[in-house]
Amino acid sequence: MPFSYPTFTELANDMKKVLFAFLFCSNVISAQSVAYPKNYFHSPVDIPLELSGNFGELRPNHFHTGIDITTHGAEGLPIKSAADGYVSRIKIGPWGYGRVLYVTHPNGYTTVYGHLSSFNSALAAYAKENQYAVNSFEIELILEANQFPVKQGEIIAYSGNTGSSGGPHLHFEIRDSKTEEAVNPLLFGFPVKDKVAPVAVTLVIIPANPQTLINGKNEIKKIPLKASGISYVFADAAENIIISGKVGFAIEAYDKESTPTGKNGVYGIRLTCDNKTIFSSRIERMPFDKSRFINCFINYEENEKYNHFYQQSFLLPNNQLPVYDTTVNNGYCEFKTDSIHRFTYTLYDVYGNSTNLNFKVKSTTKYNPVVDNAPYVPFVHILLWDTTNLIEESAFRFETPSGAFYQNEILNFTVNPIKGKSYAPKINFDASVPIQKACTLTVFATIPDSLKSKALLALTNKKGIRTSSGGKWNVNGVTAEIKEFGTYSVAVDTTAPTLTPINFDQKGTFQVNFSAMKNMQFRMSDNFSGIATFNATIDSKWVLLDYEPKKKLIWYTFDEHCNKGKHLLIITATDKVGNVQIYRKYFEN
């Protein structure tokens, strides 16, 4: 066997982890033993049910918690309640799910319908009434059971592309009404055509420590795969694996349906060694506060560098995901003897389609591990995952809460001195280290008093794109909460947002025939810190502006709040450091 027996000391050190895992996994197992009703929910759309994204699909910093139902690029398709119940929540906002409805059902589940273009007439009127009541485009309303009861198949809304959507589609979720956990909708028997097994792309072997050798090298090993009948094999038939020491395995894979779809997530993964299961996972339920733990489900460093999602079959110490059924030795394998071991990866979807990858590993003791001394790095710190950390340097201060990382990390950084008109040095942090909880970064700076209220932190990512990380001036620097590493610097934003008419000429006074127009549209944008608030009044009375940030578009739809006659429109847009833009327009409708 490739596994070494632990010493008494190692057992003692693992007792806390074992107790935590037992308590944690007992809840998971009971949750996964639920018998989900297969014919209770109907499809929320009339068109054939085709998916552009499935539950558990791997996304940047989160798992996808629903299914994305394709509308083939169309907006305005009728969206129907999947079962009897009542509308329990209405939310409208520029990001996330945009316009979204929640319907609670008597069987203990709640369905969610996101990225909607509009609600049905009754819900739309109720939402608008509440927007005017609080003078805000963004609202969140919690409703009683008797306010908006719905029947299965009743039209509740229309499909759209609102919020953080990459194109028109319906985001559909099923949640446990008590726990608010998202549950895989495909477990409820929806008629998705799927006779296609998951696809395996790459086998990945990751050394667990500097003493491990994989084919004589202490570095990650990536082996391309190819299909062979209903299974997968190494693309290079001559490929051999010889290991001395402790490793973790990972696999790059995706799933598809019978209809043309993108690369969706794999529901289940199982890894066996010599016919014994050493790791298995199923993405069946997902608490929203655990979704960011995707960054230890995958190999984060490889994802940052090469944009590959290598799904790890071993657990880092701070992995809190409720998706694991089996993890022997936390999924790690240790090779200490001269022997051959047979491994099998099994990938499967909700509908029972599965595929295998069979491979052999030669365990050896012949290698004499010799680890080269790492090159000298001027700034290196150890970050402990299970306690707070504090790094104080002449250029910055960095503080982390306990649980901010998934394992103990080595943080490399360099400080570039102040150049030109910069207010502070640039701090280059190793971007391959993932962050789970927000950490506090202060970059020390010298800024004139008149500009301190406009100061914030700027992050430059690996592609050279510079974005605002927010923050405020704090005694001798700018402080912000951050959840990713990269290059940080201090920036000052003194430029107000812009407001530009789109569907009429901004010059003149009454030259446009507004009586023939349905709405007044404006381009609203900000150069750096981002839009914080926006408001519009007509003749000093607040009116509702709709907002689509992907298009940098706001618009007022003429309604009962603007009678026939001459009027004065005033729009005010404020960015996140307080710069204000005011637009005025006299018009007649």
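**Figure 1. The largest cavity of this predicted model and the residues around it.** Let us start inside the protein. Lining the largest cavity are 13 residues, and those lying nearest its centre are Asn54, Leu186, Asp255, Tyr267 and Val350. What kinds of residue make up this lining? Six are nonpolar, three are polar and four are charged. The space within the largest cavity comes to about 80 Å³. When the whole structure is searched for cavities of 30 Å³ or more, one is found.

**Figure 2. An open sheet of five strands.** Here the strands follow the order β29-β30-β33-β37-β36, and their pairing is antiparallel. Which strands form the edges? They are β29 (389-392) and β36 (472-473), each of which pairs on one side only. Look next at one edge: four bridges connect β29 with strand β30 (residues 396-400), again in the antiparallel sense. One place to look is Ile391, whose bridge partner in β30 is Phe398. As a reminder for readers new to such views, the strands of a sheet pair through backbone hydrogen bonds, and they can do so in a parallel or an antiparallel way.

**Figure 3. Strand β34 and its two antiparallel partners, β38 and β35.** Strand β34 covers residues 455-460, and because five of its six residues are buried, the strand is largely enclosed by the rest of the structure. With strand β38 (residues 487-492), β34 shares six bridges. Ala455 can serve as a landmark here, as its bridge partner in β38 is Val492. With strand β35 (residues 466-470), β34 shares four bridges. In that pairing, Ala458 has Ser468 of β35 as its bridge partner. Now follow the chain from β34 to β35: the two form a hairpin with five residues between them. In the turn sits Gly464, with a positive phi of about 85°.

**Figure 4. The hairpin of β17 and β18.** How many residues lie between these two strands? There are two, and Gly229 in this hairpin takes a positive phi near 70°. Strand β17 spans residues 221-228 and strand β18 spans residues 231-234; four bridges pair them in the antiparallel sense. To find your way across the pair, look for Ala227, which stands opposite Tyr232 in β18.

**Figure 5. Two asparagines with positive phi, Asn61 and Asn215.** Most residues other than glycine have a negative phi. Asn61, however, has a phi near 70°, a positive value. Where is Asn61 found? The loop between β2 (58-59) and β3 (62-63) holds this residue. Asn61 counts as partly exposed because its relative accessible area is 32%. Asn215 also carries a positive phi, near 50°. The loop between β16 (213-214) and β17 is home to Asn215. With a relative accessible area of 28%, Asn215 is partly exposed.

**Figure 6. Helix α2 and the residue that follows it.** This helix runs through residues 121-134, 14 residues in total. From its first C-alpha to its last, α2 reaches 20 Å, close to the 20 Å expected at 1.5 Å a residue. Which of its residues are buried? They are Leu123, Ala127, Asn130, Gln131 and Tyr132. Just after the helix comes Asn135, with a positive phi near 50°.

**Figure 7. Thr70 in strand β4.** Strand β4 is made of residues 67-70, and Thr70 belongs to it. Is Thr70 buried or exposed? Its relative accessibility is 16%, under the 20% limit, so Thr70 counts as buried. The Thr70 side chain reaches the backbone nitrogen of His72 at a distance of 3.1 Å.

**Figure 8. Val580 in strand β46.** Our last view turns to Val580, part of strand β46 (residues 580-588). Why does Val580 count as partly exposed? The reason is its relative accessibility of 43%, as partly exposed residues lie between the 20% and 50% limits. Phe534 is 46 residues away from Val580 along the chain, and the C-alpha atoms of the two are separated by 9.5 Å.

Note on methods: Residues numbered from 1 in each chain as written. Heavy atoms only, no water. Pairing = 2+ DSSP bridges. 1 Å grid on protein atoms, 1.4 Å probe; cavity = no way out; pocket = protein on both sides within 12 Å on 5 of 7 lines; lining within 4 Å. Points joined across faces, edges and corners; volume = space filled by probe spheres on them. Nonpolar A, V, L, I, M, F, W, Y, C, P; charged D, E, K, R; others polar. Expected span 1.5 Å × (residues − 1). Buried < 20%, exposed > 50% of the residue type's maximum accessible area, 1.4 Å probe, protein only. Polar contact = N/O pair within 3.5 Å; in protein donor to acceptor, adjacent residues only side chain to side chain.
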